[in-house]
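I am opening a notebook on a structure that is new to me. The entries below follow the order in which I looked things up.

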Amino acid sequence: MAIIVNLDVMLAKRKMRSKDLAERIGITEQNVSLLKSGKVKGVRFETLDKICEVLECQPGDILEHRAADERQKSARRRETG
Amino acid sequence: MSSSNQSAEPRFDMSEVHRRVALLCHAIRWSAVAWGLWATAAVLMLFASPDRVAEHYGRVFRIDLGHLPASGYVIALTIIVLDLVLAWLIVVFVWRLFGRYLRGDIFSHEAVDEMSRAGWAGVASVAADIVARPLLAYALTLHLDASQRHHFWTGSDDLLHVLMALFIVAFAHIFRAGVEIADDNRQIV
């Protein structure tokens, strides 16, 4: 899917640990971890609302749409180093 | 985002469902066992002697079966025992299915498989019952004149039992779709 989750970036910017975020938004650390790695099928508006509130950001700071060719390019860039 | 087999922790509180059905699950499990024991006891009492078998089925067929030969008695007992084995198979599947529900294992593929097995065991049991009856009648009247041989008897309850068993099989299919939705839902945080 072309949706990239930048939650780890936002957590780093706010110098917050996953555990603390999980506690403050009321979901398990496991779910935060799955969300960070993008291994989920969806995010509830309710969860997104709480994340934005705690991290003081917009949904767009956490979720990003990346076109397929763009993703291929960045993958190739990573491969060539 | 990528699809994954990993599941997020479910948000829906299954303990509420568990609380609502726990008593029913216990009742269904023990009723199934009671039914199995009842059926077994009835067979044991009926087949205690060939005379008792002749007397009982004589009333059912409305003929005098007279002195039942040992071969007829043994064949009849074999048919009844096979029928009883299928009945106990239903008891086992029902026990296991509702045991899963009691453990909170409701929306899982394993629970659906168990439900499907219980349904098909029910269909098999009713079908075996329908087939067993003419065989039983044939075995018990083998020593009589051909004109007195009863080969078949059935009732509207047979259809009702088939309907109920098929209902469970159909319900298992519907439940499977529910499990797939629950799987999807588990991957939404």
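Entry 1, ring cluster. I find that F107(B), F167(B), F171(B) and F175(B) are joined into a cluster by ring pairs. I note that this is a predicted model, and I read each entry with that in mind.

Entry 2, ring pairs. I looked up the count of aromatic pairs, which is 7 over all chains. For W30(B) and W95(B), I get ring centres 4.8 Å apart and planes at 85°, so I log the pair as edge-to-face. I then checked where the two residues sit: W30(B) belongs to helix α1 (residues 14-46) of chain B, and W95(B) to helix α3 (residues 70-102) of chain B. They are 65 residues apart, and the pair links distant parts of the chain. W95(B) has a relative accessible area of 27%, so I enter it as partly exposed.

Entry 3, back to the cluster. I took F107(B) and F175(B) next; their ring planes stand at 15° and their centres 5.4 Å apart, so this pair is stacked. I place F107(B) in the loop between α3 and α4 (109-140) of chain B, and F175(B) in helix α5 (residues 156-186) of chain B, so the pair ties together parts 68 residues apart in sequence. Are the two residues buried or partly exposed? F107(B), with a relative accessible area of 31%, is partly exposed. F175(B) is at 17% and is buried, because the cut-off for buried is under 20%.

Entry 4, cysteines. How many disulfides does the structure hold? I count 0 over all chains. C52(A) is in no disulfide, and the nearest cysteine sulfur, in C57(A), is 4.4 Å away; a disulfide would need the sulfur atoms within 2.5 Å. I also looked up accessibility: C52(A) is buried at 11% relative accessibility, and C25(B) is buried with a relative accessible area of 3%.

Entry 5, chain A. I list 6 helices and 2 strands for chain A. Their order along the sequence is β-α-α-α-α-α-β-α. I put the C-alpha atoms of chain A in a box of roughly 40 × 25 × 20 Å along the principal axes. Chain A has 81 residues, and 35% of them count as buried. Among contacts in chain A with a separation of 6 or more, 64% are between residues 24 or more positions apart.

Entry 6, surface and charge of chain A. I note an accessible surface of about 5,200 Å², with 48% of it belonging to carbon and sulfur atoms. Chain A carries 17 positive and 13 negative charges, and I find their mean positions 5 Å apart.

How values were computed
Residues numbered from 1 in each chain as written. Chains lettered and ligands numbered in written order. Predicted model: local features only at pLDDT ≥ 70, side-chain atom pairs only at ≥ 80, totals over all residues. Heavy atoms only, no water. Buried < 20%, exposed > 50% of the residue type's maximum accessible area, 1.4 Å probe, protein only. Helix = DSSP H or I, 4+ residues; strand = E, 2+ residues; numbered from the N terminus. Contact = heavy atoms within 4.5 Å. Areas by Shrake-Rupley, 256 points an atom, 1.4 Å probe, with all protein chains shown as cover. Lys, Arg positive; Asp, Glu negative; His and termini not counted. Charge placed at Lys NZ, Arg CZ, Asp CG, Glu CD. Phe/Tyr/Trp six-rings, centres within 6.5 Å; stacked < 30°, edge-to-face > 60°.
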